[in-house]
Amino acid sequence: VDAGADGGESTAPESTVSGTLTGAGSSAQNAAMTAWKTGFEELNPEATIQYSPDGSGAGREAFLAEGVQFAGSDAYLDDEEYEASKEICGPDGAINVPAYVSPIAVAFNVPGIEEINLDATTIASIFAGEIENWNDEAIASQNEGVELPDLPITVVHRADDSGTTENFVEYLAAAAPDVWTYEVSGDWPAEIVAENAQGTNGVVSTTSSTEGAITYTDASAVGDLGQALVKVGEEYVPLSAEAASRAVEVAEPVEGRNDVDMSLDLQRDTTESGAYPIVLVSYHIYCSAYEDQETVDLVKAFASYAVSEEGQSTAEGSAGNAPISETLREQAQEAIDSIQVAS
Amino acid sequence: MSKRIDVKDLNVYYSKFLAVEDVNISIEARSVTAFIGPSGCGKSTFLRTLNRMHEVIPGARVEGEVLLDGDNLYDSAVDPVTVRSQIGMVFQRPNPFPTMSIRDNVLAGVKLNNKRISKSDADALVEKSLRGANLWNEVKDRLGRPGSGLSGGQQQRLCIARAIAVSPEVILMDEPCSALDPISTLAIEDLINELKSEYTVVIVTHNMQQAARVSDKTAFFNIAGTGKPGKLIEYGETTNIFNMPTQKATEDYVSGRFG
Amino acid sequence: MSKRIDVKDLNVYYSKFLAVEDVNISIEARSVTAFIGPSGCGKSTFLRTLNRMHEVIPGARVEGEVLLDGDNLYDSAVDPVTVRSQIGMVFQRPNPFPTMSIRDNVLAGVKLNNKRISKSDADALVEKSLRGANLWNEVKDRLGRPGSGLSGGQQQRLCIARAIAVSPEVILMDEPCSALDPISTLAIEDLINELKSEYTVVIVTHNMQQAARVSDKTAFFNIAGTGKPGKLIEYGETTNIFNMPTQKATEDYVSGRFG
Amino acid sequence: MSTNALKRAGGAGQSGDKIFSGASLAAGCLILAALFSVAVFLIIEALPVFGADPSEITGGEGFFTYIFPIVIGTIIAAAIALLIATPLGIGVALFISHYAPRRFAQGFGYVIDLLAAIPSVVYGAWGYAVLAPQLAIAYDWLARNAGWIPIFEGPASQTGRTMLTAGIVLAVMVLPIITSLSREIFLQTPSLHEEAALAMGATRWEMITMAVLPFARPGIISAAMLGLGRALGETMAVALVLSGGGLTASLIQSGNQTIAAEIALNFPEAYGLRLAELIAAGLVLFVITLAVNVIARWIISRHKEFSGAN
Amino acid sequence: MANATLTPRRSQLTKGKLPSYAMWVVLAASVVLGAALAAVVGFSIVPWALFSALIFIVAGTVVTAVAEGGRKAKNRLALFLIYGAFLVALLPLLSVIWTVLERGVPGLTYNFLFTSMNGVTGAVDNQTVAEGTPVLGGAYHAIVGTLQITLWATLISVPIGLLTAVYLVEYSTGGHLARAITFFVDVMTGIPSIVAGLFAAALFGQIFGPGTRTGFVAAVALSVLMIPVVVRSTEEMLKIVPNELREAAYALGVRKWRTITRVVIPTAISGIASGVTLAIARVIGETAPILVTAGFASSINWNVFGDWMSTLPTFIYYQILTPTSPTAIDPSTQRAWAAALVLIIMVMLLNLAARLIARLFAPKTSR
Ligand SMILES: Nc1ncnc2c1ncn2[C@@H]1O[C@H](COP(=O)(O)OP(=O)(O)OP(=O)(O)O)[C@@H](O)[C@H]1O
Ligand SMILES: Nc1ncnc2c1ncn2[C@@H]1O[C@H](COP(=O)(O)OP(=O)(O)OP(=O)(O)O)[C@@H](O)[C@H]1O
Ligand SMILES: [Mg+2]
Ligand SMILES: [Mg+2]
Ligand SMILES: O=P([O-])([O-])[O-]
């Protein structure tokens, strides 16, 4: 109905917009956001994007307090927050758009081993501290032919409250409910005593410097560490962008939102072949309606750019995440197109 | 210029300790008054109340009145600064400013108050004050050096120079010659004699000859015993105090002439 | 117990400024020696070199020898601490420790060598020293109070009590009676007379009667002019110095008897 | 009475006095208002925690159960830091003020002040990357040889990122504060009193215990309190260095957490009640700071008469 | 006579004194013994130094105690410990400085100092790593932000802090107000920095609407952290100014405020300067409060009252925790250490400036 609508059709919007768009939230998106910001500002020299990677919670809070115009978040708005968003966005509330998909690797530092096969129960047992040595029978039985050393396992987890942790333990709780009986949250369960470190970088470098260590991390940061193949159905699936996208595609939309909303509940215990279920989906949260046309244009232009093919590949080049699939992109564009001026 | 001081029923306390009790005294303008008395009897304490310097010591307070030409210093509306700029003081322990050169020490009263003074006036004032305190010759070549590098007696004279440089109407001197040799002492006594023609001078001294030489009137303070307050025992013409004191205690004290 | 001091060709400098030049003097054991001279002539400076206290002042240094019973204080192997524990000192400016009570001030030096002094011994020593300095009566009721709440003269006597409490072999006193009234002065002079029977005493004084009264020998220091070094002009029996000085300068100085 | 000439004589310069005393009073009131509003802000923000159902609090057993181990952790970390930094800081300050050759003393002071120039993120990164691996070896040795002492109970952390390491890093951060203030105060010791001690035949150390340390006492205590404040409130360095966890007595295993680090680590993802919890934790820190400071002030005031202000 | 020259009389003053070389002998013995002990636990430099030092301290003290008595021994022990304290304090300093220099110097290029991170994406870093070209992007924006925010924080807190300390020491008589100020200042010394940030953010959010993030908000947050340090250290320094000096000025009829500004403060200036530098050094290195108050800018902004800003610590923090390119973190790491080095140099220069200022006013005493 308006100029922004065509923006989505082609990968490079022809009309330029102006103004400053402010966002805050997920630090996981930071690298991708930098790429989007740079790419977008190049196409729209009059426009400025500023994004503060304060954390998803902080971002959602700032969004709901009208401190920022959009939020980046590793989790979609929960029901309560969705209700609250109606206060600021009008009767249709906010829209969650999955813009950043990134698989979470189970990474380890065992000299000479680059890949091992693990099923959900084994992963859960290791992280719960029940399997304490790499030569444990439970690991060996899935890895015929791999020379597993007699080496104690050091579990390394995130010290800070993080989306990565939340998605990882959500997977453990769903796929290995017998072993993983802890509460699912962004905080590592206090009952499990293990080494920890702040930030993705922290866990990776601790793991790299500690033989026998295992951790979970955003796939982009895995570096030289060994990676586990995760058992889905009957096969062991290696981590890849396609496998991650696949898992997102088979996710179920959340009920009770406005019709264009794209909040997704991932099926962690999926048996879908080729899907890699430990994946983090990070959203852009926009209002369904903004005060004035200028903001609407700006928001639509930026949102479209982020989910566009170009936007996604720019992000991949910078952040190493997995681009969203064609189907998702179409849905997302539709949602973005529905953004309008508040009546 | 000079002013008289009348003290009425003055008590001085250090917190609860009554250090000086019930002093009544009238100090004439244009005269030299000497305070004598044994160590610890409250001379310094009393002297400090004459320009409200006791207020600087935590816990110290007074009762009674001190009138400067009839105006009560302790009136609630009176600014102690006004009092002190009219009543100058030289302390028992020399205290030159360590942050300042000798010259700046002398000019402290002028400069710290941000009074504008031309360089030549300042130079003249420095020389005049230092000459008055008999220090000029010793320091004229090192006016820019810190005041703390002087000998004990030199510091004492520097403090005298500093006090007279602001020409207050009344000058209180607490043992100004204690660290001085006879020559400097004579010079200071000459200075006091000179000052007297324009200012009111009060000095504390342990040196009875000095009191006899320079003062017009003498006040004798005494203390009855440890923990007791100091009291003004006798006050009168210096010649009378030294030659025919009315009080036994005064006679005992002045007759044992040692100084 | 007491020791003699021989000074040979001593020069004292403050950085580049030669403050005292070429002093040769022999101070007898068990005697009282008085240093007299105009303010700023280097008496304090010289006195400090007798127990190496000048070393505390940055830039101050000496050339020459000071022998304590034949042992050079300035020998490189000598620890100034050893020197100072044998040669005590009372300063021109009274300096009681403000952080200590009066009692602790007196005991400060004693506790250094004798940590475990019994309470009764300590009490006895405190009383004896304070009595010696004629301060006992004034402070006996407030031994536990801080030393800084005393009058100027009281502080000076406290410092004397502190110095004699450690019974050093030589006691140097820089104008010990400057802030004292005649009564206390007499008491201190009595004390000096007493000390003399066991210790060597050196005092700096501006009071010539005092020098005449207490000292066996007198040294007269003088300074030729500003910026010039102080020099020992004449040294001899006190009676000779006062009655038939050999030098014109000495005669001029002592004949102008003011003190 | 109205004829009192002294009353009107003041005029001229008096306004300066009024302005200055007024300004300092105003500054005092402003600080009071500002700090008071910080406190009020905290209390308001923390209030939801105290009304909340215990099961909603992290850990599910109420705020006290949640905060208690972290409080202990905070105290341990600050205690280690102060126990190391106070004597060391005083020693360094004495070195600079009374021991080092005068010519170099200033330079040495400057060098130590450099410690204060290092940002806490860098301390964190250094503690994490350089110090911890070094200490891990020592911890291993301690666990084997002194493991019977509860605080050295094994197995020692393989990464060395333990409470003791965090305490040491904090000590290094606090050190310049204590050193710099103590040094300035030591330098101001009246030379009269130093001379008095030396003249009695005191050795250098005796002179220091007699004249310098008693004079500087209140200052040293204040310096230690400022250091304590830093140690208690430090966020980034601890967050980076410490591999935190539940309460343990051992200082050489992973475990324990400090309030400030807990806040820093969880704040970005916190909202609603969780945020209130974290702010309430900050409030608890105030209470600790206050308690220690009250004790310190009391110690100073007990000796007030002997402070030698005159 | 000949006899006398053969055995010169030993000075009473040096009786029982250890010869000057004694401690060197003890030191040499300690080093050897230390090596032996270190060999027992597995020889390496750290235990060797540790054992040698311990043995030297103990042996030196004991030898002195035996030869010269307890007092001298205590004195010597104190000397050892105090020199030791200094050396121990140097260890972490050298280690940190070395770490920062080693990792920071390579990144310290003209380009780093004079460009911002505007336009630098992960792809740029990936390319840099792949092609081995020099790292692009710099900390100019963060340097500007650090200077601006710290300047404003200092402008707010130093006058207020100084005046408050003056009020507490010179004007108050220990009344309720003084006690209340002291109370809050004490409490605030332990404020976690992030809480100060939250407070400032909430305060400005109330006044200017939610999400107000500017350099000035950060400066206010930092002031909350700075003020207690300034007040308390200044208070201590003012307290030790001898009353004698105040008295001397008052007796000259000098007004109280002039006495304070011309006599008291100059006497204490060196200590005050140290305290202020400490306070600045503390806040200039703060990360957490900046994160929630100043936003996160990657381009240059000189205006503290509008738009977001970055500071060096936040720059370092983000470069370490969320590298520009998660897949190639080396450029980010290099930028972080170079920024740390820049920050340290800035504080050093500041410290130097403070000392120079202090020296201009400092007492011209002989010390
Ligand atoms: N710390 C110092 N630095 C530089 N010069 C000094 C220092 N102390 C004293 N002087 C100078 O050395 C000379 C001798 O000083 P000294 O204190 O020895 O005099 P004095 O004879 O004791 O005088 P007084 O009787 O006044 O105490 C004087 O000219 C004095 O200014
Ligand atoms: N700051 C103080 N706090 C408490 N008591 C004090 C203080 N200053 C002096 N005193 C006491 O008050 C009494 C009088 O002291 P003051 O200094 O007036 O004596 P003085 O006559 O000047 O003696 P001197 O001749 O020794 O200087 C003494 O007993 C003294 O101990
Ligand atoms: Mg007196
Ligand atoms: Mg002298
Ligand atoms: O993206 P994170 O929330 O795991 O930092």
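1. Eight places to look first: the residues around ligand 5 are A:Ser27, A:Ala28, A:Asp74, A:Arg158, A:Ser162, A:Gly163, A:Thr164 and D:Glu269. Note that the model is predicted.

2. The site involves two chains. Ligand 5 lies between chains A and D. Chain D is represented in the shell by D:Glu269.

3. Sorted by character, the shell around ligand 5 holds one nonpolar residue, four polar residues and three charged ones. A:Ala28 belongs to this shell, as do A:Asp74 and A:Arg158.

4. Now the side-chain contacts. An N or O atom in the side chain of A:Thr164 is 2.4 Å from an oxygen atom of ligand 5. For the side chain of A:Arg158, the distance from such an atom to a ligand 5 oxygen is 2.6 Å. For the side chain of A:Ser162, the distance from an N or O atom to an oxygen of ligand 5 is 3.3 Å. Taken alone, ligand 5 exposes 200 Å², and the protein buries 94% of that.

5. What is the space taken by ligand 5? The space is the largest cavity.

6. Turn to chain B for the fold. Chain B has 10 helices and 10 strands. Along its principal axes, the C-alpha trace of chain B spans about 55 × 45 × 30 Å.

7. How does chain B stand against a compact globule, and what is its radius of gyration? Chain B has a radius of gyration of 18 Å. That agrees with the rule, because a compact globule with 259 residues would have a radius of gyration near 18 Å.

Technical notes: Residues are numbered from 1 along each chain as its sequence is written. Chains are lettered from A and ligands numbered from 1 in the order in which they are written. This is a predicted model: local features need pLDDT of at least 70, side-chain atom pairs count only at pLDDT 80 or more; totals for chains, interfaces and linings use all residues. Side-chain values use heavy atoms; hydrogens and water are left out. A residue is near a molecule or strand if one of its heavy atoms lies within 4 Å of it. A polar contact is a pair of N or O atoms within 3.5 Å; within protein, one must be able to donate a hydrogen and the other to accept it, and residues adjacent in sequence count only if both atoms are side-chain atoms. Accessible areas come from the Shrake-Rupley method with a 1.4 Å probe; for residues, only the protein chains shown count as cover. On a 1 Å grid over the protein atoms alone, a cavity is a set of points where a 1.4 Å probe fits but cannot get out, and a pocket is an open set with protein on both sides within 12 Å along at least five of seven lines; lining residues have an atom within 4 Å of a point. A molecule sits in a cavity or pocket if more than half of its atoms lie within 2 Å of its grid points. Ala, Val, Leu, Ile, Met, Phe, Trp, Tyr, Cys and Pro count as nonpolar, Asp, Glu, Lys and Arg as charged, and the others, Gly among them, as polar. Helices (H or I, at least four residues) and strands (E, at least two) are DSSP runs, numbered from the N terminus. The radius of gyration is taken over C-alpha atoms; the globule rule is 2.2 Å times the number of residues to the power 0.38.
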